[in-house]
Amino acid sequence: MSKNFFENEYKENHLSPYKIKLNGKELVVPYFYILQNKSAKLAQDNFIDDFFDIQEKDLRLYNENKLEPKEIYWSDGKNTYNFFVPFALRKKKMSDSEIVSFIFERAKKKYNRAATLAKNLRHAHPEKVQYYNVKTSAVKTMREEYNAYLWSKTKDNARYMALKTEEILSKSFKLSKNAFSKLNNKNVKNLVHRHALKALIGLSTLATGAKVAQYFKSDSKTPQMEQNFQVYEKTTQAQQTEYLPLKKIADSSLSLESDDAHLNKIQKYNKKCFLENINAIKTVLCFMENYAPQTFKDGKGVPTIGYGCTYLIDENGKGDRDISPVLENQKMSMEESDIQKERYLMFRVLPQILNDINVPLQERTMIATSTFMYVIGPNAFKTSEYLQAMNSGVNGEPLAHYMLGYAKNQGVVKRNLFAYYLMIGKLDPEDFLNLRAEGCYSLEMEDCCAMNGDKVKRDENGLGHFRSDNFEENIKKAKKPRSSVIGKCKMVSQLLPDYVVKSLNKNHIKVKPYLALAQHWKGTSR
């Protein structure tokens, strides 16, 4: 099923499927990776990373429990694989080959799930041509979109559950606790343990759906269904753009390659995550900093240009305000400003991520952390409560509130509110394209966090809390027309080079293959 679907993606584009063998089993590399990468080697490497990315959760669990993960190595005669023993198997008496088989089978199930969901979404939206990767996060997004699509068709709990039950029955009654738990109903666990098989076996699909729906009886949408429907609406209405691969500035991006041999597993993982999301980081920073084509003086009187640049950095990473300050009456194009921003991220932010952070970061956390570090400065980040909490295992929304440790500067709070929205999933990186540059400054402190008079309200642990209850109102304010010392503020999408804008739409891509790339793959034997 999965192999055939991924093969069909190539047939649609008149190309030969790119296949590889893992653990003796042939897999078709989804067409997504061919579009995203210019070489077969890069496509294969990125696919394998995503294929086994459930290992990231294992690594995170080891770190959260302050345990040293055990690594095993396995070779199929051609390739050598380096794995962590899955956290759930850490105390099991199993041979390395048994553990490797478990890891492969777990990854293959996710691969098959991705193919099934992608196929379902194709049928749901035949007018669209979209390609998906096999990341765990992408599979989750696809599941949410498809559930939301089903809900949009029914708008009724009983009919919705009937459709969901039909899918389950079509899979030979393969019920699982996880399949129902995703619907977030308090009665689900009891249903699965006590009633599911009895309710389903021997009943027709619709009758069974009605029976199951009794346990989900509600007068309105459940919160999860409502959220999924919003995700669906947002995805289907979003503007799809032709995909361009992540642009990397060779002089800065490649300069750290020689250091990779000295990086540990977590550092390598975080570096990869950082590089894959560098354009998303730039976009969020453009929202926070704006773009100035010529020199202006910031609030402290410092000459500034581009995306908040106060000094220039050369291709070797050298530069500061003493030796290469921004000069008065200087001019800088978007492309030149983008290079300077990338050099700052590569030579100032990335080294600190590698040296100071000892836990693997998910995409949202990486983007939010990088912008937070930029806003407060690397030195302040090094001693921040945010970093300490992160390294101690705090993550998600609890971690995001630690960005309020810097509350004396109102501008910092307003910018970090949007990093908070990003981290907790209320905003995606591409959403920032439709906000107005410096739109965060249209908010008041009361819009951002709980206040006690003119100060940020603190709990018994001294921690402030961002507000999320007025999200829609704040977004409207962030889109309003405004002016700054630079002049009238434009939308972020107008203030970035095209290749940065187009690279953001990486999980849901409407594409036309590049001619050169298509010629390279067309008819190639494998």
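1. A charge is said to sit over a ring if NZ of Lys or CZ of Arg is within 6 Å of the ring centre and within 35 degrees of the ring normal. In this predicted model, R90 meets that description: its charged end sits over the ring of F87, 3.8 Å from the ring centre. K265 is placed over the face of F84, and here the figure is 5.1 Å from the ring centre.

2. Overall make-up. The protein chain has 526 residues, of which 49% count as buried. Its secondary structure comes to 24 helices and 10 strands. Among contacts in the protein chain with a separation of 6 or more, 70% are between residues 24 or more positions apart.

3. Aromatic pairs. The structure holds 25 of these pairs. In one of them, F5 and F6 have ring centres 5.7 Å apart and planes at 65 degrees; planes over 60 degrees apart count as edge-to-face, so this pair is classed that way. F5 has a relative accessible area of 9% and is therefore buried. F6 is buried as well, with a relative accessible area of 1%.

4. A pair between helices. The rings of F372 and Y386 form a tilted pair, at 4.8 Å centre to centre and with 50 degrees between the planes. F372 belongs to helix α16 (residues 363-376) and Y386 to helix α18 (residues 385-391); the two residues are 14 residues apart, and the pair links distant parts of the chain. Both F372 and Y386 are buried.

5. The aromatic cluster. F5 and F6 also belong to a wider group: ring pairs link them with F32, Y33, F47, F51, F52, F83, F104 and Y111 into a cluster.

6. Salt bridges. Side chains of opposite charge can pair when their charged atoms come close. The model holds 17 salt bridges. One of them joins R60 to E64, with the closest N and O atoms 4.0 Å apart. That figure deserves a remark, because the cut-off for a salt bridge is within 4 Å. R60 and E64 are four residues apart in helix α4 (residues 54-64), so about one helical turn separates them. R60 is partly exposed, with a relative accessible area of 27%, and E64 is also partly exposed, at 34% relative accessibility.

7. A buried bridge. E342 and K282 form a salt bridge in which the closest N and O atoms are 2.7 Å apart. E342 is in helix α15 (residues 334-356) and K282 in helix α14 (residues 278-289), so this bridge ties together parts that are 60 residues apart in sequence. E342 and K282 are both buried.

8. A bridge from a loop. D428 and R364 meet through their side chains in a salt bridge, at 2.3 Å from N to O. D428 lies in the loop between α20 and α21 (445-448), while R364 is in helix α16, so the bridge connects parts 64 residues apart in sequence. R364 is partly exposed, its relative accessible area being 29%.

9. A salt-bridge network. D49, K135, K272, E276 and E363 are joined into one network by salt bridges that share partners.

10. A buried lysine. Which side chain of opposite charge is nearest to K414? It is E444, at 5.0 Å; K414 is buried yet has no salt bridge. The distance explains the absence, because a salt bridge requires the nitrogen and the carboxyl oxygen to be within 4 Å. K414 lies in helix α20 (residues 410-423). A polar atom of the K414 side chain lies 2.9 Å from the backbone oxygen of L443. Leaving aside residues up to four places away in sequence, K414 touches C440, Y441, L443, E444, M445 and C448. E444 is thus among the residues K414 touches, although the two form no salt bridge.

11. A buried serine. S370 is in helix α16. Its relative accessibility is 0%, and S370 therefore counts as buried. With residues up to four places away in sequence left out, the contacts of S370 are F274, I281, V349 and I353.

Note on methods. Residues numbered from 1 in each chain as written. Predicted model: local features only at pLDDT ≥ 70, side-chain atom pairs only at ≥ 80, totals over all residues. Heavy atoms only, no water. Buried < 20%, exposed > 50% of the residue type's maximum accessible area, 1.4 Å probe, protein only. Lys, Arg positive; Asp, Glu negative; His and termini not counted. Polar contact = N/O pair within 3.5 Å; in protein donor to acceptor, adjacent residues only side chain to side chain. Contact = heavy atoms within 4.5 Å. Phe/Tyr/Trp six-rings, centres within 6.5 Å; stacked < 30°, edge-to-face > 60°.
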